[in-house]
Amino acid sequence: MVLKSGKPLVAGKSGFTQSEFEEIKRLYLEEGRTFSQIAKVIGKGSENSVRNCLVKARVNRASLGERKLERFKSGQKYGRITLLTRLVKSKKLRYHVVCDCGYEFDIDPYFLTLPDDHKNSISQCQKCRPQK
């Protein structure tokens, strides 16, 4: 099946182009993102459409073997924010981080990896953000 723009659709009725599918596959296998996170990052589709696309293409994490994915490591820098330590007692994945200005706070590191134009994207602390 081919779109009017000439780009082929991947996995039948999924509605994703080849380049979108490659990005979905990369986010799923290399970064270990969830289906809903992938849909938000791509900005298209839903959790179910992403899952169906990967299932139809027979993409799974089992092919990685027993290698554990480590997306976030202490010392990584996202914009002006640097990851310091992972919070162990938290139920969700959270890191204690520091901004270049010296302000320290706790955050879900997923928000640091969103595209800049995403409404939940964070690249600096609330003290450094320009006031609206």
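How are helices α1 and α3 oriented to each other? In this predicted model, helix α1, spanning residues 18–29, packs with helix α3, spanning residues 47–56, at an angle of about 90°. Angles of 65 to 115 degrees count as roughly perpendicular, and α1 and α3 are therefore roughly perpendicular to each other. The angle is one part of the description, since two packed helices are described both by the angle between their axes and by the distance between the axes. For α1 and α3, the axes lie 11 Å apart. On the α1 side, the residues that meet α3 are Phe21, Ile24, Lys25 and Tyr28. Their partners in α3 are Val50, Cys53 and Leu54. Sorted by character, the residues of this contact comprise six nonpolar, no polar and one charged.

With that contact in view, the overall plan can be followed. The protein has three helices and four strands, and along the sequence these follow the pattern α-α-α-β-β-β-β. Of the 132 residues in the protein, 33% are buried. The protein exposes about 8,900 Å², with carbon and sulfur atoms supplying 49% of that area. Contacts also link separate parts of the sequence: among those between residues at least 6 apart, 37% join residues at least 24 apart.

The remaining helix, α2, covers residues 35–42. Its buried residues are Phe35, Gln37, Ile38, Ala39 and Val41. What covers these buried residues? The cover includes α1 and α3. Just after α2 comes Gly43, with a positive phi of about 80°. Phe35 of α2 also offers a link to Arg51, a residue found in helix α3. Arg51 and Phe35 are 16 residues apart along the chain, and their C-alpha atoms are separated by 6.1 Å. Is Arg51 buried or partly exposed? With a relative accessibility of 28%, Arg51 counts as partly exposed, because buried means under 20% and exposed means over 50%.

Next along the chain is the loop between α3 and β1, which is the place of Arg58. Most residues other than glycine have a negative phi. Arg58 is not a glycine, yet has a positive phi of about 60°. The relative accessible area of Arg58 is 76%, so this residue is exposed.

The strands come next. Four strands form an open sheet in the order β1-β2-β3-β4, with antiparallel pairing. Which strands lie at the edges? The edge strands are β1, residues 77–78, and β4, residues 104–107, and each pairs on one side only.

The sheet can be followed from β1 onward. β1 and β2 pair in the antiparallel sense over two bridges, and Lys77 stands opposite Thr82 in β2. These two strands form a hairpin with two residues between them, and in the turn Gly79 has a positive phi of about 65°.

Strand β2, residues 81–86, then pairs with strand β3, residues 95–99, in the antiparallel sense over five bridges. Here Ile81 stands opposite Cys99 in β3, while Arg86 stands opposite Tyr95 in β3.

The pairing of β3 with β4 is antiparallel as well, over four bridges. In this pair, Val98 stands opposite Glu104 in β4. Four residues lie between the strands of the β3 and β4 hairpin, where Gly102 takes a positive phi near 105°. Which residues form the covered face of β4? Phe105 and Ile107 make up the covered face, whereas Glu104 and Asp106 make up the uncovered one. Glu104, the residue that Val98 stands opposite, thus belongs to the uncovered face of β4.

The segment after β4 is the place of Asn120. Leaving aside residues up to four places away in sequence, Asn120 touches Phe111 and Leu114. The C-alpha atoms of Asn120 and Tyr110 are separated by 9.7 Å, with the two residues ten apart along the chain. Asn120 has a relative accessibility of 33% and therefore counts as partly exposed.

How values were computed
Residues numbered from 1 in each chain as written. Predicted model: local features only at pLDDT ≥ 70, side-chain atom pairs only at ≥ 80, totals over all residues. Heavy atoms only, no water. Axes fitted to C-alpha atoms, helices over the stretch in contact; angles between N-to-C directions. Parallel < 35°, antiparallel > 145°, perpendicular 65-115°, else oblique. Contact = heavy atoms within 4.5 Å. Nonpolar A, V, L, I, M, F, W, Y, C, P; charged D, E, K, R; others polar. Buried < 20%, exposed > 50% of the residue type's maximum accessible area, 1.4 Å probe, protein only. Areas by Shrake-Rupley, 256 points an atom, 1.4 Å probe, with all protein chains shown as cover. Pairing = 2+ DSSP bridges.
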